[in-house]
Amino acid sequence: MCWGAGIVDLDNDGYPDIFMVTGNVYPELEHKLPQYANKTPRVIFRNLGNGKFEELGQEAGAGVTEPHCSRGCAFGDFDNDGDMDILIVNLNEPPSLLRNDLKAKQDWIKVKLEGVKSNRSAIGARVLLRYGGKVQTQAVLSQASFYSCNDPRLHFGLGTVDSVDIEVFWPSGLREKFKAVGANQLVTLREAVGIVPSKGWVIR
């Protein structure tokens with residue numbers, strides 16, 4: 001049974017992938033019905049960019065293939081290296097932190113929003129990215145999956161692009177545009193102010 005899930009770009013190619021954690025509801029069930037295991041592997045599908053997905057097995061690593069009874073999963077760049085990592089809550093065992101270290105060089109950008117007239121955390125704001133004839137959009141949400149909340153910094157994989165145009169739709173109704181923003185950085189945008197210095201990489 002699937003619990004926490006996310007549609008996030010795990011390889012920074014600009015196409016969102018799918019990740020899910022699984023586990024049974026009742027641990028005692030497998031004693032009577034062995035075919036319903038309590039602990040099961042995680043599931044990951046790589047977006048091939050042509051409307052199709054590829055399920056990854058052993059190549060995804062032991063963090064995905066080893067069985068656990070999991071519930072929530074949250075996504076964020078915990079080590080601030082420009083790719084998305086995954087934190088998973090397991091039942092009756094410590095949580096799992098899956099560190100993502102990409103071998104292939106792909107570009108990316110993170111956008112952190114600070115509301116002024118809107119709420120300070122910018123919950124409900126939407127960010128639209130345009131680059132190379134492509135469009136991506138994400139929203140700042142208070143909850144992302146089952147019992148989980150993602151890194152509030154919106155992460156966009158870009159493939160091989162060195163700049164993007166950003167458009168922000170704030171909850172207050174304000175709409176702002178920022179042209180030719182450089183890739184491979186954290187950009188902090190304050191409502192009605194614009195780009196402000198990012199306060200390090202701290203998640204707040």
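Which residue in β14 is the bridge partner of Val-111? The partner is Val-187. The model is predicted. This briefing covers the open sheet around strand β8, the nonpolar cores, a buried glutamate and two loop residues with positive phi.

**The open sheet**

- Four strands make up an open sheet, ordered β11-β8-β14-β15, and their pairing is mixed.
- The edges are β11, residues 154-159, and β15, residues 194-196, each of which pairs on one side only.
- On average, and with direction ignored, neighbouring strands of this sheet are turned by 35 degrees against each other.

**Strand β8 and its partners**

- β8 spans residues 107-114 and runs parallel to β14, residues 186-190, with five bridges joining the two.
- Besides the pair of Val-111 and Val-187, Glu-114 of β8 stands opposite Arg-190 in β14.
- β8 and β11 run antiparallel and are also joined by five bridges.
- Within that pairing, Trp-108 has Gly-157 of β11 as its bridge partner.

**Burial of β8**

- Why is β8 described as largely enclosed by the rest of the structure? Eight of its eight residues are buried, so the strand is largely enclosed.
- In a regular strand, side chains alternate between the two faces of the sheet.
- In β8 both faces are covered. One side carries Asp-107, Ile-109, Val-111 and Leu-113, and the other carries Trp-108, Lys-110, Lys-112 and Glu-114, all of them buried.
- The buried set thus includes charged-type names such as Lys-110 and Glu-114 alongside Ile-109 and Leu-113.

**Nonpolar cores**

- The largest nonpolar core has 22 residues. Those touching the most other members are Ile-109, Leu-113, Val-127, Leu-158, Val-164 and Ile-166.
- At least two residues of this core come from each of β8, β9 (126-131), β11, β12 (163-169), β13 (175-182) and β14.
- Val-164, setting aside neighbours within four places in sequence, is in contact with Ile-109, Leu-129, Arg-130, Tyr-131, Leu-158, Phe-178, Lys-179, Ala-180 and Val-181.
- Another core, of 13 residues, lies apart from the largest one and has Phe-19, Val-64, Met-84 and Ile-86 among its members.

**Glu-167**

- Is Glu-167 buried or exposed? Its relative accessibility is 2%, so Glu-167 counts as buried, the cut-off being under 20%.
- Glu-167 is placed in strand β12.
- The side chain of Glu-167 makes a polar contact of 2.3 Å with the side chain of Arg-175.
- Not counting residues up to four places away in sequence, Glu-167 touches Arg-126, Val-127, Leu-128, Arg-130, Arg-175, Glu-176 and Lys-177.
- Arg-175 therefore appears both in the polar contact and in the list of residues that Glu-167 touches.

**Positive phi in loops**

- Most residues other than glycine have a negative phi.
- Asn-92 has a positive phi, near 60 degrees. Asn-92 sits in the loop between β6 (85-90) and β7 (96-98).
- With 80% relative accessibility, Asn-92 counts as exposed.
- Tyr-147 also has a positive phi, near 55 degrees. Its position is the loop between β10 (134-139) and β11.
- Tyr-147 is exposed too, because its relative accessible area is 71%, where the cut-off is over 50%.

Note on methods
Residues numbered from 1 in each chain as written. Predicted model: local features only at pLDDT ≥ 70, side-chain atom pairs only at ≥ 80, totals over all residues. Heavy atoms only, no water. Pairing = 2+ DSSP bridges. Axes fitted to C-alpha atoms, helices over the stretch in contact; angles between N-to-C directions. Core = buried A, V, L, I, M, F, W, Y, C linked by side-chain atoms within 4.5 Å. Buried < 20%, exposed > 50% of the residue type's maximum accessible area, 1.4 Å probe, protein only. Contact = heavy atoms within 4.5 Å. Polar contact = N/O pair within 3.5 Å; in protein donor to acceptor, adjacent residues only side chain to side chain.
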